[in-house]
Amino acid sequence: MNYSIALRTLVTKEVFRFIRIWPQTLLPPAITTALYFLIFGKLIGDRIGIINGATYMDYIVPGIILMSVISHAYSNVVSSFFSTKFQRNIEELLVAPVPNWVILGGYVSGGIIRGLLVGLVVTLISLLFADIAVNNPLITLSVAVLTATLFSLAGFINAVLAESFDDISIIPNFVLTPLSYLGGVFYSVDMLPGVWQTVSKGNPILYMINAFRYGFIGVTDINIQLAYIITGGFIVTLTLISLFLLHKGIGIKN
Amino acid sequence: MNALSIRNLQKTYNNGFVALKGIDLDVEEGDFFALLGPNGAGKSTAIGIISSLVNPSSGSVSIFGHDLKTDRSRAKSCLGLVPQEVNFNQFDTVKSIVFNQAGYYGVPRKLALQRTERCLKQMDLWDKRNTVSRRLSGGMKRRVMIARAMVHAPKLLILDEPTAGVDIEIRRSMWKMMQAVNEQGTTIILTTHYLEEAESLCRNIAIIDQGLIVENTDMAGLLARLHIDHFVLDLAEPIDKVPVIAGYQIERIGDKVLNVAVPKEMGLNQLFSQLSALNIKVISLKNKSNRLEQLFMDLIDSKPADTKQ
């Protein structure tokens with residue numbers, strides 16, 4: 001059995017799905033981030049001045065890009081897989097000789113591709129507001145890919161466990177967005193009072209955003225190696241959880 | 001070789017409901033097999049387990065000799081499922097639904113395109129290939145599901161109420177299609193509530209009720225057990241009262257229409273001679289085609305009271 005054909009079919013289907021509805025998937029982040037750059041970067045940022053040797057606009061660009069990657073990688077998988085469950089199209093995959101890792105790989109790949117594509121769109125928008133020079137392309141790209149992978153996996157688990165459309169909006173609204181905003185997108189953790197610096201360091205998104213920022217402008221609040229270890233650890237853990245859920249058929253089979 | 005072998009299959013749902021109480025079933029290769037039962041009898045659970053949509057509590061399922069637990073991939077490759085309810089993405093086109101399913105079964109792109117075209121033409125859907133599926137009629141949606149189930153050329157096709165809710169013309173054309181598929185060598189398991197459908201299409205039959213197989217035999221043998229045939233007689237003239245003829249149960253269902261239960265040992269000759277003697281002229285008759293329905297009801301009703309819910 002050639003599983004690569006099944007994987008390619010699923011990935012292609014996922015990519016066509018979000019491209020077909022591009023006004024819902026690719027256009028909104030362009031508009032939202034343009035407003036971020038205009039309001040926070042230009043209007044407010046000019047009054048803030050320099051952070052860690054970078055202009056405020058240059059400082060927030062990487063964080064805003066990665067925040068878009070996170071939210072779109074997550075929402076792509078959570079909405080696509082939950083709809084598949086809700087409409088019972090998942091049965092097309094369950095009936096076929098498709099192993100669980102292909103199902104997981106197909107949906108997560110769709111999330112990664114959308115996350116990176118949105119990241120590219122936001123990067124292009126940011127060029128209108130800032131002179132972007134990538135300090136370390138390898139770190140920039142690897143952090144983007146790993147972060148998109150991590151949040152695609154998280155979206156998958158959310159979709160598997162969700163029983164209603166409310167369940168797929170709770171995590172993005174009440175967990176993901178606050179953690180992203182408190183992950184140092186708009187500020188350096190060094191600017192926080194002592195106790196809040198410690199609390200912030202319990203937020204995994206802080207490590208990803210800082211590693212990504214280091215890749216862009218060479219500025220970071222944290223150890224880059226630690227960021228890779230944390231991200232990698234989460235990816236392995238979430239992959240194992242996803243495969244376990246699929247193996248048991250939790251949320252999918254009766 | 002058996003197309004399907006089920007041994008001691010049991011399923012208890014999380015809420016405690018026992019859907020299957022240990023069923024054994026064999027379906028021979030090439031058969032056109034009817035799996036019948038009232039609503040809630042356990043048919044859908046059994047089909048769900050065979051097609052990997054439901055986890056069994058215990059027991060084994062083997063498809064063309066491949067165990068569903070230990071040789072899952074090969075077992076699944078042999079199976080195609082047409083589910084009871086529409087379960088494809090309503091925003092996808094007809095062609096992409098069928099083509100993608102071929103991909104899930106590992107069919108290479110070129111072959112998948114050829115098979116998609118062949119299956120859609122066979123289902124008379126080729127003209128609709130670029131139509132978004134939600135715009136299709138109910139009958140067309142069912143045919144899309146059949147095309148999707150056949151695109152990987154399965155050796156065993158399970159049709160779960162494929163003609164439910166479609167008009168008689170489409171139903172007849174689907175019967176022809178199912179017979180053609182079976183004649184080409186595909187084993188078919190059919191569940192339906194239209195018992196005349198099972199009677200005219202299937203060679204063997206199992207009846208499931210309250211999680212148990214209550215009958216598993218060949219259709220001819222089962223029908224031979226029926227002692228009474230029902231006929232509808234059209235009369236030349238209206239009659240005022242129902243004729244009474246010893247040995248026959250006659251009821252009037254219209255001014256010029258009688259329903260007669262004819263015991264096999266008595267036959268029709270005696271009936272006609274008696275009716276002639278009463279000056280009742282019959283201009284046509286037809287068999288009520290409810291033979292299997294009668295047996296089905298007898299089997300379901302004959303269950304011991306302690307097993308009824």
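Two residues are in contact if their C-beta atoms, placed from the backbone, lie within 7 Å. Keep that in mind as you explore this predicted model.

**Stop 1: where the chains meet**

Start by showing chains A and B together. The contact between them draws 21 residues from chain A and 23 residues from chain B. On the chain A side, the elements that give two or more residues are H1 and helix H5 (90-95). Sorted by class, that side of chain A holds 10 nonpolar, six polar and five charged residues.

**Stop 2: helix H1 of chain A**

Now select residues 3-20 of chain A, which form helix H1. This helix has 18 residues and runs 26 Å from its first C-alpha to its last, close to the 26 Å expected at 1.5 Å a residue. Which residues of H1(A) are buried? Colour A:Ala6, A:Leu7, A:Thr9, A:Leu10, A:Lys13, A:Glu14, A:Arg17 and A:Phe18 to see them. They are on the same side of H1(A), because they cover an arc of only 160 degrees around the axis. Turn to the other side of H1(A) and you will find A:Ser4 and A:Arg20, which are exposed.

What do the buried residues of H1(A) pack against? Within chain A, their partners are helix H2 (22-25), helix H4 (56-86) and helix H6 (100-126). Across in chain B, helix H3 (94-104) joins them.

**Stop 3: B:Gly106, just across the way**

Select B:Gly106, in the loop between H3 and helix H4 (109-122) of chain B. Is this residue buried or exposed? B:Gly106 counts as buried, because it has 21 C-beta neighbours inside 10 Å and the cut-off for buried is 20 or more. Leaving aside neighbours within four places in sequence, B:Gly106 is in contact with A:Met1, A:Asn2, A:Tyr3, A:Ile5 and A:Ala6. A:Ala6 should look familiar, as one of the buried residues of H1(A). For a link inside chain B, add B:Ser77: its C-alpha atom is separated by 9.4 Å from that of B:Gly106, although the two are 29 residues apart along the chain.

**Stop 4: chain B as a whole**

Zoom out and show chain B alone. It has 10 helices and 14 strands, and its C-alpha atoms fill a box of roughly 75 × 50 × 35 Å along the principal axes. Of the 309 residues in chain B, 41% are buried. Among its contacts between residues at least 6 apart in sequence, 67% join residues at least 24 apart.

Try two colours here: chain B is divided into domain 1 (2-224) and domain 2 (228-290). The C-alpha centres of these two domains of chain B lie 41 Å apart.

**Stop 5: a hairpin in chain B**

Go to strand E12, residues 249-254 of chain B. How many of its six residues are buried? The number is zero, so E12(B) lies largely in the open. Next, select strand E13 (residues 257-263) of chain B, which pairs with E12(B) in the antiparallel sense over five bridges. A hairpin of two residues joins E12(B) to E13(B). To see one pairing in detail, show B:Ile250, which stands opposite B:Val260 in E13(B).

Further along the chain, pick B:Asn279 in the loop between helix H9 (269-277) and strand E14 (282-287) of chain B. B:Asn279 is exposed, with 9 other C-beta atoms within 10 Å. Its phi is positive, about 65 degrees, although it is not a glycine. Most residues other than glycine have a negative phi.

**Stop 6: back to chain A**

Look for a similar backbone turn of phrase at A:Asn52, where phi is positive and near 50 degrees. A:Asn52 sits in the loop between strand E1 (50-51) and strand E2 (54-55) of chain A. With 14 C-beta neighbours inside 10 Å, A:Asn52 counts as partly exposed.

Then select helix H11, residues 224-248 of chain A. Its 25 residues should span 36 Å at 1.5 Å a residue, and the end C-alpha atoms are indeed 36 Å apart. The buried residues of H11(A) are A:Ala227, A:Thr231, A:Phe234, A:Leu238, A:Ser242 and A:Leu246. They pack against H6, helix H7 (137-161) and helix H10 (204-217) of chain A. After H11(A) comes A:Gly249, with a positive phi near 75 degrees.

Finish at A:Glu163, in the loop between H7 and helix H8 (167-181) of chain A. A:Glu163 is exposed, with 11 other C-beta atoms within 10 Å. Add A:Gly251 to the view: the C-alpha atoms of A:Glu163 and A:Gly251 are 7.7 Å apart, while the residues are 88 apart in sequence.

How values were computed: Residues numbered from 1 in each chain as written. Chains lettered and ligands numbered in written order. Predicted model: local features only at pLDDT ≥ 70, side-chain atom pairs only at ≥ 80, totals over all residues. Helix = DSSP H or I, 4+ residues; strand = E, 2+ residues; numbered from the N terminus. Buried ≥ 20, exposed ≤ 12 C-beta atoms within 10 Å, placed from the backbone. Expected span 1.5 Å × (residues − 1). Arc of directions from axis to C-beta. Nonpolar A, V, L, I, M, F, W, Y, C, P; charged D, E, K, R; others polar. Domains from an automatic or database assignment. Pairing = 2+ DSSP bridges.
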